[in-house]
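Dear colleague,

I am passing this structure on to you, and I would ask you to open it before reading further. My notes on what was found follow below it.

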Amino acid sequence: MRALLPLLRTGWGWRAGPPAAARLPRGKSAGPGPHSAMAQAFYRTEERGQLYSPDYRLFFKNVAGHYISPFHDIPLKVDSTEENGIPTKRARNDEYENLFNMVVEVPRWTNAKMEIATKEPLNPIKQDIKNGKLRYVANIFPHKGYIWNYGALPQTWEDPHQKDKSTDCCGDNDPVDVCEIGSKVLSCGEVIHVKILGILALIDQGETDWKIIAINVNDPEASKFHDIDDVKKYKPGYLEATLNWFRFYKVPEGKPENQFAFNGEFRNKAFALEVIKSTHECWKTLLMKKCDGGAISCTNVQVCDSPFHCTQEEARSIVELVSSSPNKGSKEEEQVWHFLGK
């Protein structure tokens, strides 16, 4: 029953089955590009509960229709040796070396703070709640909502117990955040391929909160972008707007301005790739129970040698439990989830 496909190591990413790709929720098209066929093949989403309510959850399924965790079961790195099971040409390897999966949580120009629920089994996307109220980010003049498609890199984790050497602060206990700067407005739950361009080191209440700058590989202008300087060249003012947005977005809530490492300077692609590599290693120690993950749920379906691995039947039970529970977070539900999460 538990004999899923063997876990394979490909570069940094851990994967099971075919190379990772995305499927847009609600039947939308991924647009033109060399990865579009893959982008509609491997992942889809399933909504439970009412959008913009505390009960809303967006679950993920793989190509076989089995529930998975977007945090743990979607590979970090897009496979660099195969595409739909066919070896790729050597000449294209450079492109794949900088190709990562991104889980879109918040579409550009929207305000609802949607995020991967790191403390719930299978880690569905939900709307964040603070002080009993659903969270919406303020509009930071002259912008409306988030100014990029915002999301996370799967299979990464910023360890809250490990001090980063470059920022001298520990991690924020979340996957690494991504700001996708392409021209398309994406959908919550999309899994897309992105090229890494650079990184910003936000210091949020004394914690390191990395912000990756990336672009959808299917964006019409993606071929022009290779590093952080290309953002300055082809999208003048965008990085400055990004810095200001992160500096001020919590001020309307009565909080102080956010701070940054490196005096708010963006670091290049090479630096960003090292951060990704490091946070991927932290995630691996988390999934193998070699560190204290606290309340983080490591329940997964495809990381077969993880002590948190669960069966497809158990994963389905988790989803049904969420859908049928009128009181999420109840003691009874927590007990069942603790059992399923092992």
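**What was found**

A polar contact of 2.7 Å links the side chain of Thr167 to the side chain of Thr208. Please keep in mind while you look at this pair that the model is a predicted one. Thr167 sits in the loop between β13 and β14 (177–180), and with a relative accessible area of 12% this threonine is buried, because buried means under 20%. Apart from neighbours within four places in sequence, Thr167 is in contact with Ala201, Ile203, Thr208, Trp210 and Ala261.

**The nonpolar cores**

The largest nonpolar core has 52 residues, and those that touch the most other members are Ile125, Trp148, Ile181, Ile213, Val231, Trp245 and Phe246. Helix α4, which runs over residues 238–248, gives this core its largest share, namely six residues. A second core, separate from that one, has 24 residues, including Leu153, Trp210, Leu273 and Val275.

It is worth selecting Ile181 in your viewer and looking around it. When residues up to four places away in sequence are not counted, Ile181 touches Arg108, Trp148, Leu197, Ile213, Ala214, Ile215, Phe225, Val231, Lys235 and Tyr238.

**A buried strand residue**

Is Met114 buried or exposed? Met114 lies in strand β9, which covers residues 114–116, and its relative accessible area of 6% makes it buried. Not counting residues up to four places away in sequence, Met114 touches Leu51, Tyr56, Glu105, Val106, Ile125, Lys126, Gln127 and Cys188. You can also find Arg57 from here, since the C-alpha atoms of Met114 and Arg57 are separated by 9.8 Å, while the two residues are 57 residues apart along the chain.

**Helix α5 and what follows it**

Helix α5 has 19 residues, and the distance from its first C-alpha to its last is 27 Å, which is close to the 27 Å expected at 1.5 Å a residue. At the start of α5, a side-chain oxygen of Asn268 comes to within 3.3 Å of the backbone nitrogen of Ala270. As you follow the helix along, you will meet its buried residues, which are Ala272, Leu273, Val275, Ile276, Thr279, His280, Cys282, Trp283, Lys284, Leu286 and Leu287. Two of these names, Leu273 and Val275, also appear among the members of the second core.

After α5 comes Lys289, whose phi is positive, near 60°, although Lys289 is not a glycine. Lys289 is found in the loop between α5 (269–287) and α6 (312–324), and at 54% relative accessibility it counts as exposed, because exposed means over 50%.

**Backbone details in two other loops**

Asn131 likewise has a positive phi, of about 55°, although it is not a glycine. Asn131 is found in the loop between β11 (129–130) and β12, and with a relative accessibility of 76% this asparagine counts as exposed.

Where in the chain does a cis peptide bond occur? The cis bond joins Phe141 and Pro142, with an omega of about 5°, and Pro142 lies in the loop between β12 (133–134) and β13 (149–152).

With best wishes

How values were computed. Residues numbered from 1 in each chain as written. Predicted model: local features only at pLDDT ≥ 70, side-chain atom pairs only at ≥ 80, totals over all residues. Heavy atoms only, no water. Core = buried A, V, L, I, M, F, W, Y, C linked by side-chain atoms within 4.5 Å. Buried < 20%, exposed > 50% of the residue type's maximum accessible area, 1.4 Å probe, protein only. Helix = DSSP H or I, 4+ residues; strand = E, 2+ residues; numbered from the N terminus. Contact = heavy atoms within 4.5 Å. Polar contact = N/O pair within 3.5 Å; in protein donor to acceptor, adjacent residues only side chain to side chain. Expected span 1.5 Å × (residues − 1).
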